Amino acid sequence: MAPFRRIRASREMAIRTGVFLVGRAKPLALLAPPLFAIGRPFGDYGLSTDRVSRQTAAYYRSWSGDATHRLENVSITVYEKNDDIGGTWLENRYPGWNPNPEWSQLYASAQEIHRYLTHTVDAFGLREYFRFGKECVGAEWDEASCEWLVSFRGVHDVDGRATTRLKCDVFVYAVGRLNNWKMPDITGLSEFQGPVLHTASWPRDIELGNKNVAVIGNGASAVQCIAGIHQLAKKVYNIVRSGTWLVPHVFSGNGEPQVDYSEEDAAQWNRDPESYADFRYGLERQLASSFAGLWLGASSEAFTRAAAQHMGRKIQDAGVRAALVPDFPAGCRRFTPADRYLDALNQSRVALVKGTIAGATRDSLVMQDGASYPVDVIVCATGFDPYTPRFSVRGRAGLELQELWSDRGGYESYMAAAVAGFPNFFAFNPPICPVNGSAFPGIERTSDYIIRVITRLQTDNLKSIAVTQEAQSTFNKWVQGRMASMVWSGPCSSWYKTESGKVIMPWPGTILHYYRATEVVRWEDFDLRFQDESMKYGSFGNGITSEGFAPKEIPWLPGGQSRNQKSLAARQSSTPPEPKPTPPQAPQTEHI
């Protein structure tokens with residue numbers, strides 16, 4: 001009888017543009033399409049090679065969780081559809097795109113964020129785990145073997161139809177929400193002679209100087225884009241169908257749209273990590289407190305009044321002000337701090353056009369009211385299809401994720417991590433996920449939750465774990481019962497909800513609430529299937545742990561370690577890992 005230990009001794013992990021799979025004696029793959037971002041601005045990174053049985057081990061402590069740090073016998077391969085790391089920060093390159101407060105400015109540029117991610121990957125020798133140019137084209141659960149069969153194609157292969165199939169035990173779908181961008185359905189758009197582009201696919205060589213540019217939309221991408229390009233273009237027409245709430249910049253401390261951090265600030269934070277921690281805590285608390293307005297009532301009414309007053313002060317033209325200020329509560333749609341956009345609207349070279357586009361000609365856009373606007377470039381800031389999978393994912397009994405994550409299927413998941421009918425399957429940012437504030441804390445917590453469930457699968461004598469339909473339905477009943485009290489349920493058109501008005505995007509609470517809700521894995525909500533139902537305790541082994549009779553750590557003694565062991569551990573933890581040179585690039589065609 002073997003010692004009590006993790007029974008799948010050669011479990012491997014692979015990661016690809018948004019999806020991730022775990023295998024027993026086979027692979028675990030993670031796909032991370034365009035939105036795959038490694039770590040968050042203040043995350044920790046490093047290598048963990050303390051277990052000889054690991055083939056390769058690295059952990060992404062902040063983004064996909066420290067999976068290899070907490071799961072034994074794991075080797076990593078990262079499958080990325082693009083030709084470089086960075087995800088959102090690689091694809092969204094339009095001028096003025098400043099999504100995250102860190103580094104040299106409160107709102108750092110996309111280019112700076114991408115440089116940081118690239119540096120992090122190379123400094124810690126993580127690039128060797130990546131396989132770029134690999135796109136997932138399908139995944140199917142095989143009940144007989146309790147494995148996922150996942151197919152990839154090489155983006156740059158001459159024969160684009162050729163696929164490689166991977167077998168794995170666990171499939172984690174992490175493709176992101178904001179990369180499947182949508183183009184508007186405009187009659188005659190194919191006849192337009194100038195460039196037509198989407199903000200999520202910004203050409204590096206686009207020239208806007210002395211050009212008339214139409215920007216369609218007024219969401220977060222549009223307002224940042226216009227703030228960045230209006231001084232380059234001859235004329236900018238911002239074409240919108242409805243108003244939107246543009247809120248004050250509360251995080252700058254003085255109301256300014258940007259804060260520059262000096263080299264002295266960085267030096268101080270490096271010398272005094274506690275001051276840096278205080279700075280981070282201050283930002284987090286300020287961000288968290290701002291979301292009180294998402295609950296309908298006095299707080300949301302005060303929030304809406306403050307936004308209206310801010311827009312009233314910033315917008316000079318009464319007609320523009322009337323066109324932009326909505327009649328729904330602030331927060332019903334995603335609100336945006338956008339003072340530079342509001343300043344741009346006050347310039348003569350920027351015109352706000354409210355209405356519906358009737359069609360396009362060779363050199364203009366025509367509105368339903370008959371007005372025509374001559375343009376040389378059309379920029380579509382028209383959003384994304386956030387949930388419908390671009391490839392087939394078939395679960396138990398032929399369930400299709402493309403059907404379930406649709407208006408007809410209801411867009412449901414469980415605890416922002418799993419889907420009923422899909423064994424050994426997990427997802428980052430599925431319908432109903434913690435997005436109120438920075439996305440990364442919620443992703444981190446989901447990663448922690450997933451790892452805890454995978455640990456049970458890896459440690460116990462299990463062949464599959466799946467949340468039950470009853471549990472998922474009951475969970476979503478609670479979710480929708482809460483939505484009536486949130487501002488998202490208001491009378492607005494939003495990518496947070498379906499055309500019927502069902503809210504499908506945000507967790508109905510704070511990120512801290514999600515942390516509390518996922519402190520315990522509700523095992524009663526899962527269908528646990530054992531390798532041998534008559535031997536559910538077979539993983540207990542022969543009564544001896546894998547550490548042997550005299551382990552280094554004694555759990556019933558204070559601290560679990562001797563003084564010498566603690567001293568050694570302290571010295572090791574205080575020494576940062578040495579950056580490694582970039583290893584040779586892995587071949588494009590790879591079987592895990």
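The largest nonpolar core in this predicted model has 64 residues. If you want to find the busiest spots, look for Trp148, Val393, Tyr414 and Phe425, which have the most contacts inside that core. Helix α11, running over residues 439-459, gives the most to this core, with seven residues. There is also a second, separate core of 37 residues, and Leu208, Val215, Met311 and Ala330 are among them.

Now for the rings. Searching the whole structure turns up 29 aromatic pairs. Take Trp478 and Trp507: their ring centres are 5.7 Å apart with 55° between the planes, and the pair counts as tilted. Trp478 belongs to helix α12 (residues 469-483) while Trp507 sits in the loop between α12 and α13 (511-517), so this pair ties together parts that are 29 residues apart in sequence. Are the two partners buried or exposed? Trp478 is partly exposed, with a relative accessible area of 34%, whereas Trp507 is buried at 1%.

Rings can gather in groups, too. One aromatic cluster includes Trp141, Trp148, Phe171, Tyr173 and Tyr387, along with Phe391, Trp405, Tyr411, Phe422 and Phe425. Trp148 and Phe425 may ring a bell: both were named above for their contacts in the largest core. Elsewhere, a ring meets a charge: the charged end of Arg456 sits over the ring of Trp523, 4.9 Å from its centre.

That brings us to charges. Side chains of opposite charge can pair when their charged atoms come close. How many salt bridges does the structure hold? The count is 15, and here are some of them:

| Salt bridge | Closest N to O distance |
|---|---|
| Glu135 and Arg153 | 2.8 Å |
| Arg452 and Asp448 | 2.9 Å |
| Glu533 and Lys536 | 3.9 Å |

Glu135 and Arg153 link distant parts of the chain: Glu135 is in strand β10 (residues 134-142) and Arg153 in strand β11 (residues 147-154), 18 residues apart. Both ends are partly exposed, with a relative accessible area of 21% for Glu135 and 23% for Arg153.

Arg452 and Asp448 tell another story, since both lie in helix α11, four residues apart, or about one turn of the helix. That is the helix that gives the most to the largest core.

As for Glu533 and Lys536, their side chains meet in a salt bridge. Glu533 is partly exposed at 46% relative accessible area, and Lys536 also counts as partly exposed, at 37%. Finally, salt bridges that share partners join Glu143, Arg396, Asp527 and Arg529 into one network.

Terms used. Residues numbered from 1 in each chain as written. Predicted model: local features only at pLDDT ≥ 70, side-chain atom pairs only at ≥ 80, totals over all residues. Heavy atoms only, no water. Core = buried A, V, L, I, M, F, W, Y, C linked by side-chain atoms within 4.5 Å. Buried < 20%, exposed > 50% of the residue type's maximum accessible area, 1.4 Å probe, protein only. Helix = DSSP H or I, 4+ residues; strand = E, 2+ residues; numbered from the N terminus. Phe/Tyr/Trp six-rings, centres within 6.5 Å; stacked < 30°, edge-to-face > 60°. Lys NZ or Arg CZ within 6 Å of the ring centre and 35° of its normal. Salt bridge = Lys/Arg side-chain N within 4 Å of Asp/Glu carboxyl O.
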